[in-house]
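Colleague: I should like to understand the terms applied to this structure. Would you explain them one by one?

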Amino acid sequence: MTSLRSIPVAPKALPLVGHLIPLLRNPLEFLNSLPAHGELVRIQLGPFTMVVICDPELTRQALIDDRVFDKGGPIFDRVREVVGNDGLASCPYSAHRRLRRLAQPAFHPTRFPDYTKAMSTCIEEVAGSWRAGQILDVPTEMMTITSKVTASTLFSGALPSGELGPVLNDVKTFFDGFYQRMFMISPLDRLPTSGNRSHVRACTRLRDAFDQIIAQHRTEGVDHGDLLSALIVAHDPDDDSPGMTDAEISDTIVTFFLAGTETTAAALAWALDLLARHPQIEQRLHAEVDTVLDGARATHTDLPRLELTQRIITETLRLRPPGWIFTRTVTADTRLGGYLLPAGSSVVYSPYLIHHRPDLYDNPESFDPDRWDPQRPQPPRHALLPFAVGARKCIGDTFGMTEATLALATITARWRLEHVPGQQVRPALGLALRPRRLQMQATPRTDAQVSHQLPTARP
Ligand code: HEM
């Protein structure tokens, strides 16, 4: 048994700032360099020491033991500023089980046909609005799809269309400021800079808008088939107390909005980028969507037959996991691997780092959806964790996969998207890993599709 000090330190720490510069400048390369130094590696961020878990089995162990490896550290401190302490994704272990039991019914499979109907409509609204030859800002278009989907599955369209735009802008402002603030020393984030001010204003406006909708739903007392209705009627079978308070519902709604929009949008944008770079896979996808959808937009019943589409999404989530880095706080002295982590230690886990280990994946940098073909030998267990594992696993995993699959199928059935020449697509690092700029030109796949709207969903 050894102590934190015996954990190897990542090389090239600078005085005072430690590893802050590579972490801010090129965090993906930095993360990928760490496994060479050990299963656990210490990094220094200014005065703070963090331990990065570089091994898949140790990552799993930490995630399974969510009492000891509790939510905390810079990412969740920032999330709590917005979501409060009762947000499902950021609440401590002590509050989590009850909140999760109350939120889980909202994701029961019986509710999915309603959700997927709303998803198909939103996807069609956006993909149907593009014009032949249009240059699309792909991350923005994908964010429009997923924000609309989140709003309509949460509130069944309770948000008047005029109010959706400002809400979506506030969500964007929140995400834009997030990553910088995560590593900002606390007093700096309170300076009255325009960035800090607009971040705070966006958060306040979002809360106000969501609170109003919750009050309206409560007053109506009807199950609209949306996520919010499920939260309002939820009660805990292990507990006599009534279900969620208004404050808890409000925190949970904000959490769903923040956790569900940018992640799924990022996955879709990366999938379209990768497909345009791999024409043979794109052709096979076209063959699949043409056969399965036969000119209609994708719906719930098509999902089992959209096999390649789903493998493409899975491989995109491996190569470019939107949830790429997370922190935990150690709440009691514990062992991890051969080391003792004292209570109070800060720990980092990274799906990106695990997904890119060459000992877990052949050619980890290559885009190969057929890795996930069940006929082929599968990558080791625990090597894939885009939605994490354990009790804090993403509650929206099926929701996100379903939405991404329907969107990718509907878009590619109708459009071929090609890169605008000369651009370099680089990752933008925020709460989610997404392409910084990705402009693509939309070309209709057949002449017939130029002049006809897609038929409405088949029964
Ligand atoms: C492709 C899309 C998505 C990805 C890659 C993703 C990824 C993740 C990951 C990695 C976590 C664990 C975070 C941690 O360990 O600290 C998580 C948690 C969570 N996600 Fe997602 N997510 C996606 C979509 C969604 C959607 C659509 C929703 C809601 C509608 C959602 C809601 C949540 C919530 C509430 C948690 C916290 C769960 C808990 O602690 O019990 N996510 N997500």
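Modeller: The following exchange sets values against their definitions. This is a predicted model, in which local features need pLDDT of at least 70, side-chain atom pairs count only at pLDDT 80 or more, and totals for chains, interfaces and linings use all residues. Residues are numbered from 1 along each chain as its sequence is written, and side-chain values use heavy atoms, with hydrogens and water left out.

Colleague: Why are α12 and α15 called roughly perpendicular?

Modeller: The axes of α12 (residues 279–293) and α15 (residues 397–414) cross at roughly 100 degrees and come within 9 Å. Angles of 65 to 115 degrees count as roughly perpendicular, so the term applies to α12 and α15.

Colleague: Which residues of α12 and α15 meet?

Modeller: With contact meaning heavy atoms within 4.5 Å, Leu285, His286, Val289, Asp290 and Leu293 in α12 meet Leu408, Ala409, Thr410, Thr412 and Ala413 in α15.

Colleague: What makes Cys54 count as buried?

Modeller: Buried means under 20% relative accessible area, exposed over 50%, and partly exposed in between (1.4 Å probe, protein chains only). Cys54 has 0% relative accessibility and therefore counts as buried; Cys122, at 7%, is likewise buried.

Colleague: Why is Asn363 called exposed, and His382 partly exposed?

Modeller: Asn363 has 57% relative accessibility, so it counts as exposed. The relative accessible area of His382 is 22%, which means that His382 is partly exposed. Asn363 is found in the loop between α14 and α15, and His382 is found in the loop between α14 and α15 as well.

Technical notes. Axes fitted to C-alpha atoms, helices over the stretch in contact; angles between N-to-C directions. Helix = DSSP H or I, 4+ residues; strand = E, 2+ residues; numbered from the N terminus. Parallel < 35°, antiparallel > 145°, perpendicular 65-115°, else oblique.
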